[in-house]
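Here are my comments on the structure you asked me to look through, set out as numbered points. Please keep the sequence and the 3D view open while you read them.

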Amino acid sequence: MNQILPRPILRGKPMAVDLGPQGGATTAEPSVLVRSFTRQFGDTVVLRDLDLTIAPGEFVALLGRSGSGKTTLLRTLAGLDPVDGQDVLAPESRAVVYQDARLLPWKRVWRNVALGLSGRDARNRAEAALKEVGLGHRLDAWPATLSGGEAQRAAIARALVREPKLLLLDEPFAAVDALTRIRMHELVLSLWRKHAPAVLLVTHDVDEAITLADRVLVLDEGRIAAEERIDLPRPRDGGPTFQAIRRRLLGRLGVELATPVAQPTEGELIAYPSGKSLT
Ligand SMILES: Nc1ncnc2c1ncn2[C@@H]1O[C@H](COP(=O)(O)OP(=O)(O)OP(=O)(O)O)[C@@H](O)[C@H]1O
Ligand SMILES: [Mg+2]
């Protein structure tokens with residue numbers, strides 16, 4: 001990376017740069033460009049000389065143990081935290097979805113989505129976004145009457161209504177049940193295909209990261225410590241390549257899997273060291 005940034009930046013003007021190994025392309029305008037970024041709270045350094053590049057329209061997932069600094073990085077890219085003159089480039093047009101929907105309970109669903117929109121078409125735009133996430137029938141509902149999955153979908157509609165160039169997702173599916181989560185994956189992928197924002201998805205779920213992302217990163221000791229490019233076609237079926245990537249990522253997260261044991265077919269005898277058996 002020989003590019004010298006002209007000045008510290010946290011704004012939307014893209015620049016032509018060499019994306020290097022993380023970005024994949026050799027020359028492009030990055031959506032996100034972070035160079036040697038350090039963030040500390042008191043004496044605790046959370047992010048240390050961190051480099052990150054995200055190409056426009058790229059879907060990146062970020063894994064890392066609890067407390068490794070994922071949310072801190074996301075907040076930095078969202079412009080919510082100071083960058084102290086360091087080199088951080090992110091589009092001005094960006095939106096964040098959190099683990100909880102954070103809807104204002106005293107505003108109807110469409111008004112939550114239209115929050116901050118100006119112009120007479122605000123209701124129409126909110127309505128279109130809510131229809132896209134399958135909530136066209138709940139426009140006038142109160143947030144308290146939504147299910148957890150519906151509330152998260154409303155939060156996604158609120159994020160998408162401004163057509164952000166960067167969508168920041170901080171464990172957005174962590175609080176929904178497994179079936180809803182699968183539907184949310186499909187929804188996010190279809191919205192991503194249609195609107196093509198760059199996405200940074202923070203998750204603890206390795207399978208979710210491999211299922212959704214073009215590239216999976218592991219944050220450790222303040223830096224991007226590992227990277228896996230996922231070239232598998234979508235939908236991803238969990239086949240051998242998926243499993244190999246999964247194993248490597250889990251290894252980077254400190255989880256070593258035992259050698260997989262073949263699942264017994266029906267009626268097969270499994271012998272246990274104790275001598276007991278299960279049929
Ligand atoms: N405003 C703050 N003041 C002091 N310490 C903070 C602040 N924000 C974050 N930290 C600390 O920075 C570290 C990283 O926090 P962060 O929330 O980024 O972790 P995380 O990777 O998102 O964790 P999790 O997976 O649990 O959400 C933690 O040790 C946290 O206590
Ligand atoms: Mg977090």
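1. The model is a predicted one, and I begin with the surroundings of ligand 1, where the shell, sorted by class, has two nonpolar, seven polar and one charged residues. The residues that surround ligand 1 are Phe41, Val46, Gly64, Ser66, Gly67, Ser68, Gly69, Lys70, Thr71 and Thr72. Helix α2, which covers residues 70-77, supplies three residues, and this is the largest share of the shell around ligand 1.

2. A second place to examine is the pair formed by helix α4 (residues 122-132) and helix α5 (residues 148-160), which pack at an angle of about 130° while their axes lie 9 Å apart. Because of that angle, α4 is described as oblique to α5, and the crossing in which α4 passes α5 is right-handed.

3. Which residues of α4 and α5 meet? On the side of α4 they are Ala129, Leu130 and Glu132, and on the side of α5 they are Ala154, Ala157 and Leu160. When the residues of this contact of α4 with α5 are divided by class, five are nonpolar, none is polar and one is charged.

4. For the protein chain as a whole, you should find eight helices and eleven strands. Of the 279 residues in the protein chain, 37% are buried. If you consider the contacts in the protein chain between residues at least 6 apart in sequence, 66% of them join residues that are at least 24 apart.

Conventions
Residues numbered from 1 in each chain as written. Chains lettered and ligands numbered in written order. Predicted model: local features only at pLDDT ≥ 70, side-chain atom pairs only at ≥ 80, totals over all residues. Near = placed C-beta within 6 Å. Helix = DSSP H or I, 4+ residues; strand = E, 2+ residues; numbered from the N terminus. Nonpolar A, V, L, I, M, F, W, Y, C, P; charged D, E, K, R; others polar. Axes fitted to C-alpha atoms, helices over the stretch in contact; angles between N-to-C directions. Parallel < 35°, antiparallel > 145°, perpendicular 65-115°, else oblique. Left-handed = near helix turned anticlockwise from the far one by under 90°. Contact = placed C-beta atoms within 7 Å. Buried ≥ 20, exposed ≤ 12 C-beta atoms within 10 Å, placed from the backbone.
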